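This briefing goes through a few places in the structure shown below, grouped by topic. It is meant to be read with the sequence and the coordinates at hand.

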Amino acid sequence: MEGWGEISRIAATASSSVIDNSKITSLQFDNQQNLLWCGDSKGTTRSFTPQSTSIPMPYPALHLSQYSKFKTSLGTSPVKQYLNHQKGILSLSHNCVNFNNRRGLTQLSLNSESLKEPGFNNLSCMTFNSNTNNDLVIAGDSLFKVDLLKPNMTTSFNHTGKVSMIDNTLNYLTLGKSNGEIEIFDPVSNQTVKSFYGHNGLLSDIDVQGNYVASCGYSLRPRRNQASQSSYMIDPLVNIYDLRMMRSLPPIPFSAGASFVKFHPKLPNIMIIASSLGQLQFVDIYDQSNVYLYQADLSNVNASTPTTSSNTYLANLEVSGNGEFITFSDGFQNLHLWSFKNNNSKNFINFPSYLEQPDFSPPFQQNHINVDDVVPLSSIGMPYYKDLLLSNYASDLHFTKELSKLPNHLDPELLQNQYSQVLPYNTLKYGKRNLNKFYVPLQNNVSTKQKLFPKFISEKNGHDSFDNENSNIFEYKLSNKFEVPNCYSNLKIQYSKFGVEDFDFSFYNRTKYSGLENHLDNSYINSLLQLYKYSPVFQNFIIKHLLKEWLPNDLTTIIQNGNPQGSSILNELGYIFDMMNKSHGKNCKTSNFSNVLSQNQVAQMQELINKDDCKNLNAFEIRAIIGKFNKFLLSTCNNDLLNQFNTSLSEITNIGYEIEIKSNGCNINNVNYNSQLTVDLMSPPINKLSILISANSTSATKKNLNILNYLDYSMNQFKTIKCQQCNNSFPHLLEIRQSLVHLPPVISINVNFTGQEFNLIQNFPNWLVPEFYTYGMNNKVSFKLHSNDNLSNKYELLGYVCEINVGSEFLKGKHNLVSYIKIESKWYLFNDFLVMPIPESEVFDLSYHWKKPIIVMYQLANHADFGSFQQQSFAQLPDLNDSILYRDHFAGGIRDSIKREYELLTKDEAPNAGTLIAIDAEFVALNPEELEVHYGGVRNLIKPRNLSLARISVLRGDNGPKQGVPFIDDYIIHTCFIDDYLTSFSGIEPGDLDPSSSTKTLTTLQTSYRKLWLLLNLGCIFVGHGLQNDFRCINLHVPKNQIRDTADFFYLPELKRKLSLKFLAYILLKEKVQTGNHDSIEDANTALLLYKKYLELTAIGEFESTLHRIYMDGQQLRFRVPDS
């Protein structure tokens, strides 16, 4: 490193006016082109390039000429730092980051307003995130990450403290803090890996190369003459740190006081150190005796400006990419360029790309065209059009998507052969024609959209609440009856960075009746399940069978029959009903029911499985699948009742028929009885309807045509056929008569009409009747709309599933299913997780073309009340079988290789209301999350990953010798594909859940679920950490008064940070947990001890002070357990 010296000096920011002169605040060599960037204190950026010149210069070896000059910061904020990018240069000022190309054109500007991030201020430094040039890490009030490909979003790192300098390595970020501390930060795990305390004052410079970090700075030292005061003294040492071993190396002495330090980019053993007084030193870090020392001339060459001690200083030391040049500035606005002697190269990098020069266009010369000149018309320019002109009409009548769009499908009713010549326009369905559409300002549309959906819970302020009464999402009637109101729309669950728990479900439901989430497979069944749930007779009959036990655990059922859950449609339906009873208006999931349905072989054969939210189904297909599922649900529940408990649904939904076959020509006279669980409503023939409608051609007669006429036709039929037995001797007819003889308490009616049939019933304003009466005469049942005696049975409309058509019925993914249900004499609309009261007139108004009743349900008027399990009497219920709590019930039977880590409960330890139990669960991911990536790079979460229960551990929690001893430790058998075992979080290894190789205590999901369900209904108190997410994934709703969550106890809402179980155990219990993979028994026991500690601190009145101390310690430790 011999022979270095100054080869060029220019007054980079000098101006003809002394007032306009500004100091150099930042320098940077370009890594793509032969440029040197210079920023000043007024926010101006200049670039210089080396050029040869014939003009006599003070430094003939090399001349720097200005290439570009532009403003890069708002106002007069100084340019603090530059950062090279492949497409330009990034510049940092006090409150913004600008991205310009090398000619000065602005590509991007980041500030608090554009990012909508109030904390994006007081910026100090920036760098790229590890080995990418798109993720920009910026330090200010917080530590942010911005993706330059989608710069409208910021990500905050989990870091506290003021950062004054920043650099990156291959895997880590090197953060220089204002107190002299250096942190090695891992952006992947979002935590500090190591901290070095090299300077107890300030940092003046850091540099990173490979696995080494060098730093220099100041230390706070007391003055000798004034013992009460201290001052910052520059350290005469350069500290070096090795990131491979995470320790400091012997420092390099520099007696002049090191203010700047840089690694040589080509010689890794050479370090360049400079003092503020202009002393430069090239040091070999492996042989510190090999030193080359130089002194920079910091005097002013301009005699008009006097040289003073305040101006003679060196600043902004930088090294070029090829290591052949160094540059720095002084206090006279001069830029110094150094290199070694005999260096004939003028390149700052080895292979610079071409430097684009300004374009000089020749002056415009207008050519005048005379009238008589012969000039082709094509020489006259035409304006630029973005849209295709009418002249682009396809001459061959072959249209592409650029030229035209496909016409809409014809309505199915138009394809009927009813009309021979002219197809009439349906005003009732499509509205009046040739109407002027009123102009709606865009501002109104935006505000309407904002009212439609609420914010996330995390976005609410303390005084912010959503008024659902004034929100457009609850509009059920519009001035234009041909438009679908918002309350019937397809609702979508939005996901924030906090997950689905951050979505404000309570905005959509202010009632005490629970809605169902719709982001799961087979969510089209929600409306029907809600309808059956609020039939007291049906619900009470289903949930009472939960008291009995049916837990198949043989491998034939689990593997060969494809039922790894060991459950049934009947059991899961009962669990859903019981969960909705306990939730009291909170949203519920049907994940367990959906999983059992998806693996049901009959459902698969009938094509009832839907995993895309009906996006590939049109209106006809949706009507068909929900009608088939209604039949499947009742028939499967009936079969499950027969197989499991030797009973059936005959007393609830079984409709009895008598079929009589007789003939006057032979001796055939048979009477048979049959039954079915649902009614397929049939429309009477046109000739019969015409007789009913036009009996007197009065409107009163039309109003009398209602669903009873259709029911009577569907249940009581008569037809004649030729007798096949006697046809050869003499022809005669057989009379077949079907008569209704029995109606159950609950009547389920499938209405799968055609479009023409639906249009017909829309003409009858009272087609759907709120009640009717049945009479029994001669062992036959007949319908009447009114009754004057007490001999009849009264049926009331419970509700119906309604299909909502948006646009043409041929469109796929546009239609929705909702349900109207009458509960306690009031009508409610259920649209998945939206539940709202609705007027009775709206329920019975079927005049809308987009509203079609699909499944109608009537029930006896004198039905029983809703039944639910009560904790006080649950243990005394006569049919209760809770033996599963006191015995093992392994999948495939007991094996010798099973390792038990628990002790079963005994009858003497029978749990009751108030029994304390500690619980923890582990999960595996069955499939990854589904993301939607927009062309701009924005990523939206469409469906979260599907977590499945893998292990559940329950411990005794009451004080005593067995406190903390587990009595449940179940591993859940899985036969399906597992996408991710999440071993570091769950402790589950591949093979642990496989029945053919596992040595764990494998059980079916229903076995473990029933244990938890029994403990819940017995009134046990559940203790754990982060139980909300566990119960959600298990699909179990536990009331708040039965939960003791330590994550909520040890939480300060104003700090918006929940503490981990590991950190709380370290601070409060002085124990280190989760040192390896997670163990659910250890986690449950730790949560139990934390809860006991909470009770202890609360009893002595020290909990609040202790909690604040925990957060103060957490800020010092960055909420991490040391050396973990």
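**Ile525 and its surroundings**

Ile525 is buried, with a relative accessible area of 0%, in what is a predicted model. The residue is placed in the loop between α3 (442-452) and α4 (526-533), and the points below begin with this loop before turning to helix contacts, to the positions that UniProt annotates and to two further residues.

- Leaving aside residues up to four places away in sequence, Ile525 touches Phe593, Leu597, Ile626 and Phe629.
- One of these partners, Ile626, is 101 residues from Ile525 along the chain, and the C-alpha atoms of the two are separated by 7.0 Å.
- The loop between α3 and α4 also holds Asn522, a residue that has a positive phi of about 60° although it is not a glycine.
- Asn522 counts as buried because its relative accessibility is 1%, under the 20% that sets the limit for a buried residue.

**Helix α4 and its contact with α10**

- Helix α4 is mostly covered, with eight of its eight residues buried.
- The buried residues of α4 are Asn526, Ser527, Leu528, Leu529, Gln530, Leu531, Tyr532 and Lys533, a list that includes the charged residue Lys533.
- The axes of α4 and helix α10 (residues 619-645) come within 10 Å of each other and cross at roughly 45°, and that angle makes α4 oblique to α10.
- In passing α10, helix α4 makes a right-handed crossing.
- On the α4 side the contact is made by Leu528, Leu529 and Tyr532, which meet Ile626, Phe629, Asn630, Leu633 and Leu634 in α10.
- Sorted by class, the residues in this contact of α4 with α10 are seven nonpolar, one polar and no charged.
- Ile626 and Phe629 of α10, which take part in this helix contact, are also among the residues that Ile525 touches.

**Positions annotated as binding site**

- According to UniProt, the feature "binding site" is placed at Asp920, Glu922, Asp1030 and Asp1083.
- These four positions span 164 residues in sequence, yet no two of their C-alpha atoms are more than 12.8 Å apart, so they gather at one spot.
- Glu922 has its place in strand β43 (residues 916-927), and with a relative accessible area of 6% this residue is buried.
- Not counting residues up to four places away in sequence, Glu922 touches Ser948, Leu949, Ala950, Arg951, Phe985, Ser986, His1078, Asp1079, Ser1080 and Asp1083, and Asp1083 is itself one of the annotated positions.
- Asp1030 is found in helix α19 (residues 1027-1034) and is likewise buried, with a relative accessible area of 10%.
- Beyond residues up to four places away in sequence, Asp1030 touches Asp920, Ala921 and Phe923, and of these Asp920 belongs to the positions that UniProt lists for the feature.

**Helices α21 and α22**

- The axes of helix α21 (residues 1061-1069) and helix α22 (residues 1080-1099) come within 10 Å and cross at roughly 50°, which makes α21 oblique to α22.
- The crossing in which α21 passes α22 is left-handed.
- From α21 the contact draws on Leu1061, Leu1064, Ala1065, Leu1068 and Leu1069, and from α22 on Asp1083, Thr1086, Ala1087, Leu1089, Leu1090, Lys1093 and Leu1097.
- By class, the contact of α21 with α22 has nine nonpolar, one polar and two charged residues.
- Asp1083 therefore appears in two settings, as a member of the α22 side of this contact and as one of the positions that gather at one spot under the UniProt feature "binding site".

**Two further residues**

- Asp235 is found in the loop between β20 (230-234) and β21 (237-242), where it counts as buried at 6% relative accessibility.
- With residues up to four places away in sequence left out, Asp235 touches His199, Gly217, Tyr218, Ser219, Arg221, Gly257 and Ala258.
- Arg1118 is found in the segment after α23 (1103-1117), and its phi is near 55°, a positive value in a residue other than glycine.
- Arg1118 is buried, with a relative accessible area of 15%.

Methods:
Residues numbered from 1 in each chain as written. Predicted model: local features only at pLDDT ≥ 70, side-chain atom pairs only at ≥ 80, totals over all residues. Heavy atoms only, no water. UniProt positions renumbered as here; feature names shortened; annotations may be inferred. Helix = DSSP H or I, 4+ residues; strand = E, 2+ residues; numbered from the N terminus. Buried < 20%, exposed > 50% of the residue type's maximum accessible area, 1.4 Å probe, protein only. Contact = heavy atoms within 4.5 Å. Axes fitted to C-alpha atoms, helices over the stretch in contact; angles between N-to-C directions. Parallel < 35°, antiparallel > 145°, perpendicular 65-115°, else oblique. Left-handed = near helix turned anticlockwise from the far one by under 90°.
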